[in-house]
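Walk through this model strand by strand, then into its core and across its chain contact. Keep the structure open as you read.

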Amino acid sequence: MKEYRPTHVGTVTKYVFVESPDVTPEELALKAYEISKGMMIKETCFGLQVTGKPDEVDEIIRRIREFDPSHIFVKDRGFPPGDPRRCRANLGGARPGFHGHEYELPLLRYVSHGLEVPIGKTPEPMRVERKNKLEFGVLKRMMESQEP
Amino acid sequence: MAKVFIYPMTSLILSDMVARFGHQPLGSALAIRERIQTPSVESPPLQITPEEPKKGLRYAAVEVPSGVRGRMAIMGPLIEEAEAAIIITDADFAFGCMGCARTNELLKYLVRNRPIPKLELRYPTSEEEGEKFVAALREFLESLRGKGS
């Protein structure tokens, strides 16, 4: 067994996704560099990855969101950027986690639309009713009714 | 600020919405980051060591496959830590292999049995549903204000 020595200890990495008609990832990266104060920022095809100390990352994320609040989405990432265990340059094929993003990215425009609705004009919230499964007693009665 | 468990645990939409409305999303990235940043024996890619299936015994019996127990060692503590939960019921993309699928079933079962506020939703498929989706999240997350640590 080999000893594991972690890198980037004490940092957090966050994904910033931009799905906006007005802001491109390139523009967002330029704006983020301006306010980054030496933090690690990586531009990607969907937005950015921001790595740094937790407080500093939170602050930069707050300011990045201000560029287009309803079209910029943020989530945590477990690995630092370019980590050989996750980076597509080393593995080939789709990056692990890509399929989840691929599924949710087309839905972001509906969420953005929902966020842009003024608070006073919000519709009735979505309610999901759980389907009741067939009760055991009912199944037993059905089986018994079929027996000769 | 409440700690809100999200399912799917890798969901971008839920993670963003929970943080946007002032709470802390509990997703798998937090647990993975903790392992990635802790010195131990090298066990790529996720630093899941043979210790993890043992820790998973807290959540699943010994005859349950080690894949499920290993995953539960990562995700189980987040459920215990959660002060509220949001579940998307039609998250088919979270299916994965049988280990993932069975772990997902166990996760949802454990969350539904915990005495914490819960919200169940479907992914929006139109702008109208998007409005209702955001309205439900806003209502739920604002009701959590003042709760939690």
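Glu3(A) has its bridge partner across the chain boundary: Val41(B), in β3(B). The pairing involves strand β1 of chain A, residues 3-4. Its link to β3(B) consists of 2 bridges, and the two strands run antiparallel. Keep in mind that this is a predicted model.

The contact between the chains takes in far more than that pairing's two strands can show by themselves, so turn to the residue lists. Chain B contributes 41 residues and chain A contributes 36. On the side of chain B that touches chain A, five stretches give two or more residues: α1 (12-20), α2 (28-36), β3 (40-41), β5 (118-121) and α6 (127-143). Which of these gives the most? It is α6(B), with 10 residues. By class, this side of chain B has 20 nonpolar, 11 polar and 10 charged residues.

Now move to strand β1 of chain B, residues 3-7. It is largely enclosed by the rest of the structure, because 5 of its 5 residues are buried. Side chains in a regular strand alternate between the two faces of the sheet. In β1(B), Lys3(B), Phe5(B) and Tyr7(B) point one way. Val4(B) and Ile6(B) point the other way. Both sets are buried.

β1(B) has pairing partners within its own chain. One is strand β2 of chain B, residues 24-26, joined to β1(B) by 3 bridges. These strands run parallel. Here Phe5(B) has Leu26(B) as its bridge partner. Together with α1(B), the two strands make a right-handed β-α-β unit. Another partner is strand β4 of chain B, residues 84-88. It is joined to β1(B) by 4 bridges, again in parallel. Tyr7(B) stands opposite Ile87(B) in β4(B).

β1(B) also leads into the core. In soluble globular proteins, nonpolar side chains tend to be buried together. The largest nonpolar core in this model has 67 residues. Val4(B), Phe5(B) and Ile6(B) are among those with the most contacts inside it. So are Met75(B), Ala82(B) and, from the other chain, Val16(A). Which element gives this core its largest share? Helix α4 of chain B, residues 66-81, does, with 7 residues.

Met75(B) shows what such a core residue touches. Setting aside neighbours within four places in sequence, Met75(B) is in contact with Met9(B), Ser28(B), Ala31(B) and Leu107(B).

Technical notes
Residues numbered from 1 in each chain as written. Chains lettered and ligands numbered in written order. Predicted model: local features only at pLDDT ≥ 70, side-chain atom pairs only at ≥ 80, totals over all residues. Core = buried A, V, L, I, M, F, W, Y, C linked by C-beta atoms within 7 Å. Buried ≥ 20, exposed ≤ 12 C-beta atoms within 10 Å, placed from the backbone. Contact = placed C-beta atoms within 7 Å. Nonpolar A, V, L, I, M, F, W, Y, C, P; charged D, E, K, R; others polar. Pairing = 2+ DSSP bridges. Right-handed = clockwise from strand over helix to strand, strands pointing away.
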